[in-house]
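Good morning, everyone, and thank you for making room for me today. Please have the chain open in front of you while I talk.

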Amino acid sequence: ANGVVTGLKVGTTTITVTYGTFTETVTVTVTEPMPEDLTIYETVSYTFGNSDYEELTAAGSYKLIGLMLISAGESGSFIKHNDGSKYYKLTKDATITLEVTAGSILNLVTYNNELALTLNGTDVTANGAYDKTSGDCTYTYTAAEDGTLVLALAEGKSQLYLTSLQVIVPITEDYTYTYSQGGRPDGTAETSTSEVEFSGCVVNNSWLRFGSDAAYIKFYAVSGAVITVNTYDDTALMINGVSVTPVNKVATYTVSETGAVTIQRTAGKNLYISGFSLTVPSTTTEHIYTYDFNAFEGIDNDNTGSLKLTQENFTGVNSFLTVESGTVAYRGQSNDVLEIKNSALSVTFQGTGTLVISARSTNNTNVSSIALKDEDGNYIVGTYTSANVQKDDTLNVYTVTGSTNEIVFNITKAGKYTLCTLSSATVNGVEVPTGRNTRLDSIVMTDEY
């Protein structure tokens with residue numbers, strides 16, 4: 001009724017309410033505001049008990065429920081246990097199929113543990129963990145790779161009773177949560193579709209305060225992820241039960257196993273934080289390919305002098321090299337080197353990395369050339385330290401003289417790259433004939449993807 005209340009703040013026990021000429025003192029309890037929930041991992045949950053999911057009994061029948069595909073198979077079924085029961089049950093060859101990503105966590109609640117689980121056709125049932133301390137059985141499994149997860153009845157069993165199914169997808173990208181008044185996150189994370197769980201965390205001016213020893217922040221992360229917590233001071237806090245002491249008000253913790261991450265205060269100590277961040281480890285792998293002169297297919301290294309090579313010679317460790325339209329020659333016995341001319345050899349990068357070559361001319365006084373071009377014909381910049389390497393005045397084409405010289409090409413995008421030679425180059429305004437073959441002592445490709 002448009003009354004006015006003043007003096008509300010945490011810790012207040014009485015307030016004065018004024019309405020017109022009427023004034024009254026009222027005893028109150030003022031609680032601190034809670035921050036809003038955030039989403040940094042995706043969760044899909046299905047509860048079977050007391051639900052109205054369509055029963056499947058006909059051979060070949062199936063039902064798509066959200067991300068879950070239920071199939072009755074040819075002789076099985078997906079049916080309620082009985083009216084009012086909290087279970088649905090799978091029989092015979094009925095299945096539940098889910099598409100998951102590496103690190104996804106499957107949580108099941110069942111009446112029994114008579115289940116079989118496959119990932120991409122491989123039985124992974126034993127990789128999960130059962131817990132039947134009381135009542136229903138819980139089963140938890142973490143997917144080791146992307147693919148198709150199929151839940152079915154174990155062989156020789158009669159029926160699998162299901163109460164609920166949950167799939168949690170851990171954070172797969174770097175994420176930062178910064179507390180601000182009202183508990184809002186920074187940036188686009190406000191519209192994220194998953195959640196971080198707060199319990200007992202309260203707003204205290206510009207900080208998030210852990211109101212008791214039981215208070216926590218919980219989210220899911222992949223193994224190797226680095227958690228950084230920004231704190232009010234250097235008082236130790238607990239992350240996954242491990243005491244972590246901040247350095248200059250920053251606490252750092254590396255996740256050892258994919259799953260839940262819980263942040264709490266040390267028992268009896270105050271903990272105030274302004275935010276936390278998660279840095280996900282790189283998912284790329286370094287693939288290294290090194291050419292081996294002694295591993296060409298169909299060549300007797302001890303008795304072969306000079307021989308033109310074709311793609312059939314490039315097998316095994318040398319199969320990362322592709323013969324193009326130019327000349328690729330084998331020079332054995334006393335030379336033991338590859339010779340190329342024109343657009344000769346190519347490599348294909350799936351990601352980014354480097355191509356490192358050792359190139360030289362056909363003798364100590366001749367001048368040869370070497371360059372690396374992409375699919376659009378652009379020459380790639382090379383780096384070198386040898387005085388026997390010189391760059392063309394305008395193009396990323398390099399002359400080489402005498403003994404072997406290392407040149408490093410940095411690859412910044414996926415695609416095909418071709419080692420080639422030119423008939424001439426211009427160095428310091430002087431045209432230099434480079435029509436001879438170029439010799440390659442080594443080729444090392446490092447591809448990260």
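I will go through one strand and its partners, and then turn to some salt bridges.

Please keep in mind that this is a predicted model. Let us begin with strand E11, which covers residues 115-119 and in which Leu115, Leu117 and Leu119 are buried and point to one face, while Ala116 and Thr118 point to the other face and are not buried. In a regular strand, side chains alternate between the two faces of the sheet.

Now for the partners of this strand. E11 pairs with strand E15, residues 147-153, in the antiparallel sense over 5 bridges, and within this pairing Ala116 stands opposite Ala152. E11 also pairs in the antiparallel sense with strand E12, residues 122-123, over 2 bridges, where Leu119 has Thr122 opposite. The hairpin made by E11 and E12 has 2 residues between the strands, and there Asn120 takes a positive phi near 55 degrees.

Turning to charged side chains, the count comes to 6 salt bridges. One of them joins Glu324 and Lys416, at 3.6 Å from N to O, and this pair links distant parts of the chain, with Glu324 in the loop between strands E30 and E31 and Lys416 in strand E40, 92 residues apart.

Is Glu339, which forms a salt bridge with Arg331 at 3.0 Å between the closest N and O atoms, buried or exposed? Glu339 counts as buried because its relative accessible area is 3%, under the cut-off of 20%, whereas Arg331, at 23%, is partly exposed. Salt bridges with shared partners join Arg331, Glu339 and Arg439 into one network.

Definitions and conventions:
Residues are numbered from 1 along each chain as its sequence is written. This is a predicted model: local features need pLDDT of at least 70, side-chain atom pairs count only at pLDDT 80 or more; totals for chains, interfaces and linings use all residues. Side-chain values use heavy atoms; hydrogens and water are left out. Buried means under 20% relative accessible area, exposed over 50%, partly exposed in between (1.4 Å probe, protein chains only). Helices (H or I, at least four residues) and strands (E, at least two) are DSSP runs, numbered from the N terminus. Two strands pair if DSSP finds at least two bridges between them. A salt bridge is a side-chain nitrogen of Lys or Arg within 4 Å of a carboxyl oxygen of Asp or Glu.
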